[in-house]
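Me: Could you take me through one part of this protein slowly? I'm new to this, so please explain the terms as you go.

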Amino acid sequence: KDEHGDDILYPMLQAWGVDTIVIVGAWTEDCVIATCYEAADRYGLDVVLVTDAIATGSPVHQKAMDTMQAACGKTLMAEELVQY
């Protein structure tokens with residue numbers, strides 16, 4: 001968001017014709033899951049979760065991954081993504 005609260009990234013993605021995002025990152029049950037749901041639910045983007053490039057420091061990682069896979073994203077390993 002910019003200083004006025006307007007989206008910055010989504011208008012650029014629209015202009016470029018992007019309809020799919022690849023998500024990697026840390027803190028699965030917070031940052032990653034929020035990004036996944038925002039992309040799928042708010043913006044209607046397809047989501048690919050790279051399972052071996054997402055991690056967390058808590059014991060609920062797999063539950064969060066299972067939830068995201070069921071609700072909003074395709075899951076691939078990094079090697080599978082390269083081949084995709």
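Reply: Here is a close look at helix α2 and what surrounds it.

Some ground rules come before the details. This is a predicted model, where local features need pLDDT of at least 70 and side-chain atom pairs count only at pLDDT 80 or more, while totals for chains, interfaces and linings use all residues. Residues are numbered from 1 along each chain as its sequence is written, and side-chain values use heavy atoms, with hydrogens and water left out.

Now the helix itself. α2 covers residues 28-42; helices here are DSSP runs (H or I, at least four residues), strands are runs of E with at least two, and both are numbered from the N terminus. After α2 comes Gly44, which has a positive phi near 70°.

Let's go inside. Thr28, Val32, Ile33, Cys36, Ala39 and Ala40 are the buried residues in α2. Buried means under 20% relative accessible area, exposed means over 50%, and partly exposed is in between (1.4 Å probe, protein chains only). Among the elements covering those buried residues are β1 (20-26), β2 (46-55) and α3 (61-71).

Take Thr28, which sits in α2. Its relative accessible area is 0%, so Thr28 counts as buried. Ignoring neighbours within four places in sequence, Thr28 is in contact with Ile33, Ile54, Ala55, Thr56, His61, Ala64, Met65 and Met68, where contact means heavy atoms within 4.5 Å. The Thr28 side chain also reaches the backbone oxygen of Ala55 at 3.1 Å.

Next, the charged side chains. Side chains of opposite charge can pair when their charged atoms come close. A salt bridge is a side-chain nitrogen of Lys or Arg within 4 Å of a carboxyl oxygen of Asp or Glu, and that rule gives 3 salt bridges. In one of them, Glu38 and Arg42 meet at 2.9 Å, N to O. These two are 4 residues apart in α2, which means about one helical turn separates them. Glu38 is partly exposed at 34% relative accessibility, and Arg42 is partly exposed as well, at 47%.

Arg42 also meets Asp7 in a salt bridge, at 3.9 Å, N to O. This pair links distant parts of the chain, with Arg42 in α2 and Asp7 in the segment before α1, 35 residues apart. Asp7 has another partner, Lys1, at 2.8 Å, N to O. Asp7 is partly exposed, with a relative accessible area of 27%, whereas Lys1 counts as exposed at 56%.

Back to Glu38 and Arg42, whose side chains form a salt bridge. Through shared partners, the salt bridges join Lys1, Asp7, Glu38 and Arg42 into one network.

Finally, there's a pocket to look at. The largest pocket has a volume of about 290 Å³. Of its 13 lining residues, the closest to the centre are Leu9, Tyr10, Leu13, Glu38 and Tyr43. On a 1 Å grid over the protein atoms alone, a pocket is an open set of points where a 1.4 Å probe fits, with protein on both sides within 12 Å along at least five of seven lines, and lining residues have an atom within 4 Å of a point. α2 gives the most to this lining, with 4 residues.

Conventions:
Points joined across faces, edges and corners; volume = space filled by probe spheres on them. Polar contact = N/O pair within 3.5 Å; in protein donor to acceptor, adjacent residues only side chain to side chain.
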